[in-house]
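Colleague: I'd like to go through this one with you. Can you show it to me and explain the words as we go?

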Amino acid sequence: MTLSLAVGRPTLADHVLPRGLVTDVSLVLGGAALTGLLAQVAIPLWPVPITGQTLAVLLVGSTLGASRGVLAMLAYALLGVAGVPWFSDAGHGLGVMLSSTGGYIAGFILAAALTGWLAQRQWDRKFLQAAVTFLAGSGVVFLVGLPWLAVVTGADLGQTLAWGLWPFIPGGIIKALIAAAIIPVAWQGVRKLDAAKRDNR
């Protein structure tokens, strides 16, 4: 029996690479690294910057599935706390997690779980369903991030929404639509490769 970190139905990654412990660990660390890379694509705002992290979270969750997506985001958070400088603006350390942005990073874990779970039920195969999946994943990030922001800053509801939600809505929609455009196209490519392999047998 092959050891694997993947649980449940196969995802896009499983149609490209065979499941196995070494492969899964590589995918998890790769997902964390992609998140760290896109975290450096940022528009500085106070108290929470606009970054490309959420796009990475959506892509990682949908391609790896719930279990590996969660592990990738946990690795991103824990390694960042341990000193890897891949939070926004090359930040790292426990202080980032305890700051106003920490709730969003924690929300990435739940967002990856949700998008991965939906992807394992084929919600990532067509544009409209994928868009719903990725918008829902983005929403989960705010469900965790906004209360965290309010507690850390002492902001009231209006301030919390002004600082942590309203500026992010256009970018969040754009990132969800980008992911919804990429993943179904990737599935089309995988299906064509599978068909070509069958024809060559």
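Modeller: Sure, starting with the core: the largest nonpolar core has 32 residues, and M73, Y76, F87, Y104, I105 and F108 touch the most other members. By the way, this is a predicted model, where local features need pLDDT of at least 70 and side-chain atom pairs count only at pLDDT 80 or more, while totals for chains, interfaces and linings use all residues. Residues are numbered from 1 along each chain as its sequence is written, and side-chain values use heavy atoms, leaving out hydrogens and water.

Colleague: What makes a set of residues a nonpolar core?

Modeller: They're buried Ala, Val, Leu, Ile, Met, Phe, Trp, Tyr and Cys residues, joined through side-chain atoms within 4.5 Å. The largest share of the largest core, 6 residues, comes from α6.

Colleague: Why is Y104 called buried?

Modeller: Buried means under 20% relative accessible area (exposed is over 50%, partly exposed in between, with a 1.4 Å probe and protein chains only). Y104 has 8%, so it's buried. F142 has 16%, so that one is buried too.

Colleague: Why is the pair of Y104 and F142 called edge-to-face?

Modeller: Rings of Phe, Tyr and Trp (its six-membered ring) pair if their centres lie within 6.5 Å; planes under 30 degrees apart count as stacked, over 60 as edge-to-face and the rest as tilted. Here the centres are 6.1 Å apart and the planes are at 90 degrees, so the pair is edge-to-face. Y104 is in helix α6 and F142 in helix α7, 38 residues apart.

Notes: Helices (H or I, at least four residues) and strands (E, at least two) are DSSP runs, numbered from the N terminus.
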